[in-house]
Amino acid sequence: MKTRITQMLNIEYPIIQAGMSWASSSAALPIAVSNAGGLGMIAAGPMYEQDFRKVLQAVRAGTDKPFAVNIPLYRPGAQAFLDMAYEFRVPVIFASQGGPKAHLARFREIGTRWVHVVSTLEHAGKAAAAGVDALAVVGAEAGGHPPANEVSSLVIVRKAARILRCRSWAAAVSPTAMALPLCLHWVQMPCNWGPAF
Ligand SMILES: Cc1cc2nc3c(=O)[nH]c(=O)nc-3n(C[C@H](O)[C@H](O)[C@H](O)COP(=O)(O)O)c2cc1C
């Protein structure tokens, strides 16, 4: 299945295994998802640096397909995790909770795609202006730390896509499992799923 996001991230299906602290802070799930043609993701949020290195090594050994790491930029030591992602030439970074601007040039040099996780139109606009490759727009029904407002992913992602239409990025939506056909066929957005995996 070819879409803008499959071409951008070099994956077979527009299905992304969302970064989930603890649940995907290890190698097995990301390896399985990437090998199946989606995008597997390591969640660095709760990890120690030495464990992150071991998991990166295991994922590199377990798949030759693209995979992602999720790094919350606010966390203490985020820079060390970014440095390791750079060292391992991680194909895709999903970053959240912090500005992307200071980091983009370095990762662009090595071909890493930068997807920024946002939950408001204001942050979507800022991240797009900074030049990220794609946005993961998260609405109220998403697991983890959804926004405090009650706006559904399917509303905010469409609105963000309309407002920023002219830019060359794609948006990912975080739907409940129920919304899969809607996302793939009606609004033609890739899915960034958590517990459905
Ligand atoms: C247990 C759990 C942990 C999560 N941890 C993170 C995290 O560390 N970083 C992050 O950006 N999102 C995190 N999320 C949010 C997911 O990346 C994703 O946006 C969300 O789960 C997708 O919606 P869904 O749960 O309806 O599939 C977490 C979600 C869950 C369920």
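A residue is called exposed here if 12 or fewer other C-beta atoms lie within 10 Å of its own, and buried if 20 or more do. With that cut-off in hand, the chain of this predicted model can be read from the whole down to single residues. The secondary structure of the protein chain comes to 8 helices and 8 strands, and of its 197 residues 46% count as buried. Among contacts between residues at least 6 apart in sequence, 51% join residues that are at least 24 apart.

Helix H5, which spans residues 101-109, shows how burial can be divided between the two sides of one element. Its buried residues are His-103, Leu-104 and Phe-107; because these cover an arc of only 110° around the axis, they are placed on the same side of H5. An α-helix has 3.6 residues a turn, so residues three or four places apart point the same way. The face of H5 turned away from the buried side carries Ala-102, Ala-105, Arg-106 and Glu-109, which are exposed. On the buried side, the residues pack against helix H4, strand S4 (92-96), strand S5 (113-118) and helix H6 (121-130). After H5 comes Gly-111, whose phi is positive, near 80°.

Helix H4, one of the partners of H5, also meets helix H3. Two packed helices are described by the angle between their axes and the distance between the axes. For H3 and H4 (residues 78-87), the axes come within 11 Å and cross at roughly 20°, which means that H3 runs roughly parallel to H4. The crossing of these two helices is right-handed. From H3 the contact is made by Glu-49, Phe-52, Arg-53 and Leu-56, and from H4 by Ala-80, Phe-81 and Met-84. Sorted by class, the contact of H3 with H4 has 5 nonpolar and 2 charged residues, with no polar ones.

Two of the residues just named, Phe-52 and Phe-81, return in the surroundings of Ala-44, which lies in the loop between strand S2 (40-43) and helix H3 (49-62). Is Ala-44, as a loop residue, buried or exposed? Ala-44 is buried, because 31 other C-beta atoms lie within 10 Å, where 20 would be enough. Leaving aside neighbours within four places in sequence, Ala-44 is in contact with Phe-52, Val-69, Asn-70, Ile-71 and Phe-81. A further distance can be given for Met-20, which is 24 residues away from Ala-44 along the chain, with 8.7 Å between the C-alpha atoms of the two.

Methods. Residues numbered from 1 in each chain as written. Predicted model: local features only at pLDDT ≥ 70, side-chain atom pairs only at ≥ 80, totals over all residues. Helix = DSSP H or I, 4+ residues; strand = E, 2+ residues; numbered from the N terminus. Contact = placed C-beta atoms within 7 Å. Axes fitted to C-alpha atoms, helices over the stretch in contact; angles between N-to-C directions. Parallel < 35°, antiparallel > 145°, perpendicular 65-115°, else oblique. Left-handed = near helix turned anticlockwise from the far one by under 90°. Nonpolar A, V, L, I, M, F, W, Y, C, P; charged D, E, K, R; others polar. Arc of directions from axis to C-beta.
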